[in-house]
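Trainee: I've got a new model open and I'd like to learn how to read it. Can you walk me through it?

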Amino acid sequence: MLTYFEALFAVVIQNQTEAFTQYISEEEWHLMHELRKNGRGFDPGPNRQKPRSVFDLDLVPGEPIDFKELEMQWFEEQIRRQKKEP
């Protein structure tokens, strides 16, 4: 590794005039290094999946859904629960 560092140091000394001398803001530095503007990194791994909802049900093709019937069952269940509670 010592020869690598010596060669790298020689290249830097040789190209001193081409060095970046202008200061950048902290936000620009974070963007250059693919961080958020506040400096926090992105979570590693795959993107999070959205939570499943009622509309994501896997249904058999051609199976009709009777929403009015489902709503009536829900109302009846709510009425039963209210009767049981004091």
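**Reading the model, step by step**

Mentor: Let's begin with one residue: tyrosine 4 sits in helix H1, which covers residues 2-14. Keep in mind that this is a predicted model.

Trainee: Is tyrosine 4 buried, partly exposed or exposed?

Mentor: Its relative accessible area is 49%, so tyrosine 4 counts as partly exposed. Tyr4 also belongs to a nonpolar surface patch of about 570 Å², together with Met1, Phe5, Leu8 and Val12.

Trainee: Zooming out, how many helices and strands are there in the protein chain?

Mentor: Three helices and zero strands. Going along the sequence, you read the pattern α-α-α.

Trainee: And what share of the residues counts as buried?

Mentor: Just 1% of the 86 residues in the protein chain. The accessible surface adds up to about 9,400 Å², and carbon and sulfur atoms hold 58% of that.

Trainee: How should I handle the confidence values?

Mentor: As a general idea, where pLDDT is low, the predicted coordinates should not be read in detail. Here the protein chain has a mean pLDDT of 77, with 74% of its residues at 70 or more.

Trainee: Which helix has the lowest confidence, and which the highest?

Mentor: Helix H2, residues 26-32, is lowest with a mean of 79, while H3 is highest at 92.

Trainee: Then let's look at H3. What's the idea behind a salt bridge?

Mentor: Side chains of opposite charge can pair when their charged atoms come close. The cut-off used here is a nitrogen-to-oxygen distance within 4 Å, and the count comes to three salt bridges.

Trainee: Which residue does glutamate 76 pair with?

Mentor: Arginine 80, with 3.9 Å between the closest N and O atoms. That falls within the 4 Å cut-off, so the pair counts as a salt bridge. Both residues are in helix H3, residues 67-84, and they lie four residues apart, about one turn of the helix.

Trainee: What about glutamate 77?

Mentor: Glutamate 77 has two partners to look at. With arginine 80, the side chains meet in a salt bridge at 2.8 Å, N to O. With arginine 81, the closest N and O atoms are 3.7 Å apart.

Trainee: How far apart along helix H3 are these partners?

Mentor: Glutamate 77 and arginine 80 are three residues apart, so about one helical turn separates them. For glutamate 77 and arginine 81 the spacing is four residues, again about one turn of the helix.

Trainee: Are these side chains buried or exposed?

Mentor: In between. Glutamate 76 has a relative accessible area of 40%, so it is partly exposed. Glutamate 77, at 31%, is partly exposed as well. Arginine 80 is partly exposed at 44%, and arginine 81 is partly exposed at 46%.

Trainee: How do the pairs fit together?

Mentor: As a network: salt bridges link Glu76, Glu77, Arg80 and Arg81.

Conventions
Residues are numbered from 1 along each chain as its sequence is written. This is a predicted model: local features need pLDDT of at least 70, side-chain atom pairs count only at pLDDT 80 or more; totals for chains, interfaces and linings use all residues. Side-chain values use heavy atoms; hydrogens and water are left out. Helices (H or I, at least four residues) and strands (E, at least two) are DSSP runs, numbered from the N terminus. Buried means under 20% relative accessible area, exposed over 50%, partly exposed in between (1.4 Å probe, protein chains only). Accessible areas come from the Shrake-Rupley method with a 1.4 Å probe; for residues, only the protein chains shown count as cover. Patches are made of residues with over 30% relative accessible area and no salt bridge: like charges are joined within 9 Å, nonpolar side chains (Val, Leu, Ile, Met, Phe, Trp, Tyr) within 5 Å. pLDDT is the predictor's confidence in each residue, from 0 to 100.
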